[in-house]
Amino acid sequence: MIIQMKKDATKEDVVKLQEFLKEKGFGIKDASSDEVTVFGVLGDVKTLDQDQLSVFPGVANVARISSPYKLASKAFKQNPTTVTLKNGVTIGADEFIVMAGPCSVESEEQLRIIATQVKESGAKILRGGVFKPRTSPYAFQGLGIEGLKLMRKIADELGLAIVTELMGTEHLEEFVKYVDIIQIGARNMQNFDLLKAVGKTNVPVLLKRGLSSTIEEWLMSAEYILANGNDQVILCERGIRTFEKYTRNTLDISAVLAIKELSHLPVIIDPSHAAGRWEMIESLSLASLAVGADGLIVEVHHQPELALSDGAQSLKPKKFDHMMKRLEELSTVMDKKVKR
Ligand code: PEP
Ligand code: MN
C-alpha cells in the first residue's frame with residue numbers, strides 16, 4: 001500500500017499516521033522525493049481500511065499495489081533508482097555503463113592483461129568469476145578468495161570497480177569487504193536465503209534473471225533483497241531457456257522494456273551468456289543500448305581458445321574495443337551516453 005501526503009501536510013500529520021500504522025505492526029518504507037512525501041506500508045495490508053486511512057489529516061491518496069512485488073514496483077517509486085559505487089560510477093543515470101572481464105579469473109597475469117585492456121576501451125567495472133557455478137563438478141570451479149583478492153588488487157591499480165558472483169552465504173563477509181557489486185547468478189536467483197543475506201548488506205547487488213524465470217519471478221527475487229533493507233539492486237537480463245538451440249539462451253530484449261514499465265530498478269544486459277557466441281556480442285550490445293538498457297556485462301579474454309570457461313562467447317580485447325567505439329557512436333543519438 002502506498003500513502004501519498006498532501007503538499008501542505010505537516011510533519012506531525014506524517015508522524016501521527018505512521019505511528020498509527022506501526023502500532024498495528026506494519027512496516028514503513030519512505031519513498032519521498034523533493035516534491036512529494038510518499039511512503040509504502042509493508043505487511044498484510046489486506047486488513048487495513050483504505051477509507052479510514054484517507055481521512056487522516058494531510059493524506060492526499062491511499063493506493064493498493066496490485067502486483068505481488070511492492071518495493072520493486074513503479075507504483076511504489078516513480079523515479080529511477082541509481083546505484084553509485086565507491087569509485088563514483090553510477091548505474092541507472094545518464095551514462096551507459098559497461099562491465100567487462102573474463103568469465104573466470106585464472107591468474108594474476110591473465111586478469112591484469114584483460115583488465116588493462118577493457119579499462120583502456122572504456123569499461124568502468126571489472127567482471128570476473130572466482131566461485132564458478134559450473135554444470136559439471138569436474139570443470140574449473142574458480143580460484144576462490146585468492147581470486148577475489150587478485151581482482152581487488154588489479155581493479156584498485158586501474159581505478160575500476162569489481163563485480164563477482166557470490167554462490168553461498170559462507171563467503172558473504174569477504175565479499176562485503178572486497179567487492180563493489182555482489183553478483184547473484186542465474187542459478188541462484190531463487191535462493192531465497194542468499195537473497196535475504198545480501199539484502200541485509202549495503203553492498204549493491206547485480207541480480208541475474210533465472211534460467212527459466214518469468215519477469216514477475218525475477219522482480220519477486222529483487223523484492224527479497226529490497227525487503228531486507230538493501231535498495232541498491234541492479235537487474236541483469238542474460239537470456240532465458242527456450243526451445244531454440246542455435247544460441248546458448250534466447251536474449252529476451254523486450255524484458256528491458258517490461259522492467260522499465262514495471263519497476264524503477266536499473267537493468268543491464270549480458271549478451272555473452274545469452275548468445276554463447278562471440279560473433280553476436282557486438283550487435284546484441286548495440287541493440288541493448290538502443291532498447292534502453294542501463295548498461296552491459298560482457299566477457300572478454302585475450303586468449304579465448306585457452307580460456308578455462310566460456311571462451312566461445314568471449315570477445316578478444318580488440319573486438320571489445322571496436323564494440324565500445326560503435327556503442328559510443330550510437331550513444332550520440334540515444335539518451336544514455338557511452339563515455340570512454
Ligand atoms: C557469469 O556471469 O559468470 C555467469 C555464470 O552467469 P549466469 O549466472 O548468468 O549464467
Ligand atoms: Mn561465463
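Let's start with the company ligand 1 keeps: its shell has 6 charged, 3 polar and 2 nonpolar residues. Keep in mind that this is a predicted model.

Who are these neighbours? R127, K132, P133, E165, Q183, G185, A186, R187, K208, R238 and H273 surround ligand 1. Three of the residues in that shell, R127, A186 and R238, also come with a polar atom paired to an oxygen atom of the ligand. Here are those pairs:

| Residue | Polar atom from | Distance to an oxygen atom of ligand 1 |
|---|---|---|
| R127 | side chain | 2.8 Å |
| A186 | backbone | 2.8 Å |
| R238 | side chain | 2.6 Å |

So much for the contacts; how about cover? On its own, ligand 1 would expose 290 Å², and the protein buries 96% of that.

Now for the empty space. Rolling a probe the size of a water molecule over the atoms shows where space is left unfilled. How many cavities of 30 Å³ or more does a search of the whole structure find? It turns up 1. The largest cavity holds about 40 Å³ of space.

Which residues line the largest cavity? They are M1, I2, G40, V41, L42, I65, K70, L71 and F76. Strand β3, which covers residues 38-42, gives the largest share of this lining, with 3 residues. Sorted by class, the cavity lining has 7 nonpolar residues, 1 polar and 1 charged. Put that beside the shell of ligand 1, where 6 residues are charged and 2 are nonpolar.

How values were computed: Residues are numbered from 1 along each chain as its sequence is written. Chains are lettered from A and ligands numbered from 1 in the order in which they are written. This is a predicted model: local features need pLDDT of at least 70, side-chain atom pairs count only at pLDDT 80 or more; totals for chains, interfaces and linings use all residues. Side-chain values use heavy atoms; hydrogens and water are left out. On a 1 Å grid over the protein atoms alone, a cavity is a set of points where a 1.4 Å probe fits but cannot get out, and a pocket is an open set with protein on both sides within 12 Å along at least five of seven lines; lining residues have an atom within 4 Å of a point. Grid points are joined across faces, edges and corners, and a volume is the space filled by probe spheres set on the points. Helices (H or I, at least four residues) and strands (E, at least two) are DSSP runs, numbered from the N terminus. Ala, Val, Leu, Ile, Met, Phe, Trp, Tyr, Cys and Pro count as nonpolar, Asp, Glu, Lys and Arg as charged, and the others, Gly among them, as polar. A residue is near a molecule or strand if one of its heavy atoms lies within 4 Å of it. A polar contact is a pair of N or O atoms within 3.5 Å; within protein, one must be able to donate a hydrogen and the other to accept it, and residues adjacent in sequence count only if both atoms are side-chain atoms. Accessible areas come from the Shrake-Rupley method with a 1.4 Å probe; for residues, only the protein chains shown count as cover.
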